[in-house]
Amino acid sequence: MRFVMPCFYAALACVSFGIIFELHNWKYLFSGALTGMAGWLVYLLMEDCRIVPRFFAATIVVAALAELLARIFKAPATIFLIVGIIPLVPGGGMYYTMEALINSDMQLFVRKGLETAASAGAMAVGCSLVSSMARIMTVWRRNRHSGPRSLS
């Protein structure tokens, strides 16, 4: 029950960004919001884990839902991925990194900077992994249904 409002705010942020991104179709806005909300829920549910695995798992959920919605709506997965990933962007980490630099706290600057870079890297790897798996499955499915090929 304690995750209801944070997930609602994540969905609201996704809808707001979708409007800025000029998504005029309501089903895309709603689907992107649900994608972002699901990713944020996974992030919140993994509160006992370290920060990088939380970002990685939540990004995998967002990217997988984006690929699924792309198949359902026959639209690019990027639409749902960009809108759905907004709650996970480590903006707070970037802010605290720069704040530590301005305050000349080099130890905190390095720690926050590495943490933020690792979080962003985990997000990139998660998106790439899901996208690659979706492409592999599509090619495999296409080849499976095309029948045997001759060697000539």
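The side chains of Glu67 and Arg71 meet in a salt bridge, with N to O at 2.9 Å. This is a predicted model. Both residues sit in helix H3, four residues apart, about one turn of the helix. An α-helix has 3.6 residues a turn, so residues three or four places apart point the same way. The two partners differ in cover. Glu67 is buried because its relative accessibility, 16%, falls under the 20% limit. Arg71 counts as partly exposed, at 43% relative accessibility.

The salt bridges come to three in total. The table lists them.

| Pair | N to O distance | Place |
|---|---|---|
| Glu47 and Arg2 | 2.4 Å | loop between H2 and H3; segment before H1 |
| Glu67 and Arg71 | 2.9 Å | helix H3 |
| Lys112 and Glu115 | 3.7 Å | helix H6 |

Which parts of the chain does the pair of Glu47 and Arg2 link? Glu47 lies in the loop between H2 and H3, and Arg2 in the segment before H1. They are 45 residues apart, so the pair links distant parts of the chain. Glu47 is partly exposed, with a relative accessible area of 40%. Arg2 is exposed because its relative accessibility of 56% is over 50%.

The pair in H6 is local. Lys112 and Glu115 are three residues apart, so about one helical turn separates them. The closest N and O atoms of this pair are 3.7 Å apart. Glu115 counts as partly exposed, at 31% relative accessibility.

Back in H3, now at Leu69. Helix H3 covers residues 51–73, and Leu69 is part of it. Is Leu69 buried or exposed? Leu69 is buried, with a relative accessible area of 14%. Beyond its neighbours within four places in sequence, Leu69 is in contact with Ser31, Thr35, Lys74 and Phe80. Ser31 is 38 residues away along the chain, yet the C-alpha atoms of Leu69 and Ser31 are separated by 7.5 Å.

Phe80 leads on to helix H4, residues 77–85. Phe80 is buried there, as are Ala77, Ile79, Val83, Gly84 and Ile85. The buried residues of H4 pack against H1, H2, H3 and H6.

Next, the nonpolar cores. In soluble globular proteins, nonpolar side chains tend to be buried together. The largest nonpolar core here has 15 residues. Trp40, Tyr43, Leu44, Phe55, Ile85 and Leu88 have the most contacts inside it. Helix H1 (4–20), helix H2 (26–45), H3 and helix H6 (106–145) each give two or more residues to this core. H2 supplies the largest share, four residues. Leu44 also touches Phe3, Pro6, Cys7 and Arg54, leaving out residues up to four places away in sequence. A second, separate core has twelve residues, including Ala11, Ala33, Ala66 and Ile79.

Some nonpolar side chains lie at the surface instead. Met1, Val4, Met5, Phe8, Tyr9 and Leu12 make a nonpolar surface patch of about 690 Å². One of them, Phe8, is found in helix H1. Why can Phe8 count as partly exposed? Its relative accessible area is 44%, so Phe8 falls between the 20% and 50% limits.

How values were computed:
Residues numbered from 1 in each chain as written. Predicted model: local features only at pLDDT ≥ 70, side-chain atom pairs only at ≥ 80, totals over all residues. Heavy atoms only, no water. Buried < 20%, exposed > 50% of the residue type's maximum accessible area, 1.4 Å probe, protein only. Contact = heavy atoms within 4.5 Å. Core = buried A, V, L, I, M, F, W, Y, C linked by side-chain atoms within 4.5 Å. Patch = residues over 30% accessible without salt bridge, like charges linked within 9 Å, V, L, I, M, F, W, Y side chains within 5 Å. Areas by Shrake-Rupley, 256 points an atom, 1.4 Å probe, with all protein chains shown as cover. Salt bridge = Lys/Arg side-chain N within 4 Å of Asp/Glu carboxyl O.
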